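Hi everyone, thanks for coming. I'd like to walk you through a structure that will be new to most of you. Let's put it up on the screen.

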Amino acid sequence: MGWGLVRGDERCLVLAHRRWARLVHTLAARALGDPREAEDVTQQVFLAAWRGRAGYHPERGPLPAWLVGITRRKTADALTARTRRLDIVAAVGAALTPPTSTREGPEHVLDRLVVTRELARLPRVQRDVLTLAFFGDLTQVQIADRTGMPLGTVKSHARRGLQRMRRSLAAA
């Protein structure tokens, strides 16, 4: 199969994906702690394997070992990108201060305090995304553009954050 991949036989790539995608996904999920992000890494690994197939030398080692090496590099890249995005989100979120108005009634102030308390209980990335949405009045597309996160990731963080807030407020 390794030689077929090197020669550009797409069937070998399909077979390699069938055999080792689960291994690649498991390694990425363990390192990243996020199965969805691991799915992205898995796709990146097999795309990189296909594009870099000329660099694979079957006589030096088995194909799964080569794929594990690519997985480690792509996982490290994903962790670096995540850290960069979180730093950007945190910086933007910290720069945004909730607008204050002297015309706010007691109910509005109380609502703001409850929302702020619930936001503080969320994981950092969910809190930052929702802070940009509510206090920064940004759309999810704008948040994705500003932070560098994929739009789907922004939507997922917003949805999960709102669900957590809803459950917390319902319990209270």
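So, let's begin with the chain as a whole. It has 172 residues, and 34% of them are buried. Please keep in mind that what you see is a predicted model. What is it built from? The chain holds eight helices and zero strands. If you read along the sequence, the pattern is α-α-α-α-α-α-α-α. And how do the contacts spread along the sequence? Counting contacts with a separation of 6 or more, 63% are between residues 24 or more positions apart.

Now let's look at how some of these helices pack. In general, two packed helices are described by the angle between their axes and the distance between the axes.

Please find helix α2, residues 10–32, and helix α3, residues 35–51. Their axes are 8 Å apart, and the packing angle is about 140 degrees. Angles over 145 degrees would count as roughly antiparallel, and α2 and α3 are therefore oblique to each other. The crossing of this pair is right-handed. Many residues take part in the contact, including Leu13, Trp20, Val24 and Ala28 from α2, and Val41, Val45, Phe46 and Trp50 from α3. By type, the contact residues split into 14 nonpolar, three polar and three charged.

Next, a second pair, further along the chain. Helix α7 covers residues 140–147 and helix α8 covers residues 151–171. Here the axes come within 9 Å and cross at roughly 120 degrees, which makes α7 oblique to α8. This crossing, too, is right-handed. On the α7 side, the contact is made by Gln140, Val141, Ile143 and Ala144; on the α8 side, by Leu151, Val154, Lys155 and Ala158. Those residues divide into six nonpolar, one polar and one charged.

Finally, let me zoom in on a single residue, Thr71. Where does Thr71 lie? You'll find Thr71 in helix α4, which spans residues 63–95. Is Thr71 buried or exposed? Its relative accessibility is 2%, so Thr71 counts as buried. What does the side chain of Thr71 reach? That side chain reaches the backbone oxygen of Leu67, at 2.7 Å. Setting aside neighbours within four places in sequence, Thr71 is in contact with Val24, Leu27, Ala28 and Val45. You may remember some of those names: Val24 and Ala28 of α2, and Val45 of α3, also belong to the contact between α2 and α3.

That's my tour. Thanks for listening, and I'm happy to go back to any part of it.

Conventions
Residues are numbered from 1 along each chain as its sequence is written. This is a predicted model: local features need pLDDT of at least 70, side-chain atom pairs count only at pLDDT 80 or more; totals for chains, interfaces and linings use all residues. Side-chain values use heavy atoms; hydrogens and water are left out. Axes are lines fitted to C-alpha atoms, for helices over the stretch in contact, and angles run from 0 to 180 degrees between N-to-C directions. Helices (H or I, at least four residues) and strands (E, at least two) are DSSP runs, numbered from the N terminus. Angles under 35 degrees count as roughly parallel, over 145 as roughly antiparallel, 65 to 115 as roughly perpendicular and the rest as oblique. A crossing is left-handed if the near helix is turned anticlockwise from the far one by less than a right angle, and right-handed if clockwise. Contact means heavy atoms within 4.5 Å. Ala, Val, Leu, Ile, Met, Phe, Trp, Tyr, Cys and Pro count as nonpolar, Asp, Glu, Lys and Arg as charged, and the others, Gly among them, as polar. Buried means under 20% relative accessible area, exposed over 50%, partly exposed in between (1.4 Å probe, protein chains only). A polar contact is a pair of N or O atoms within 3.5 Å; within protein, one must be able to donate a hydrogen and the other to accept it, and residues adjacent in sequence count only if both atoms are side-chain atoms.
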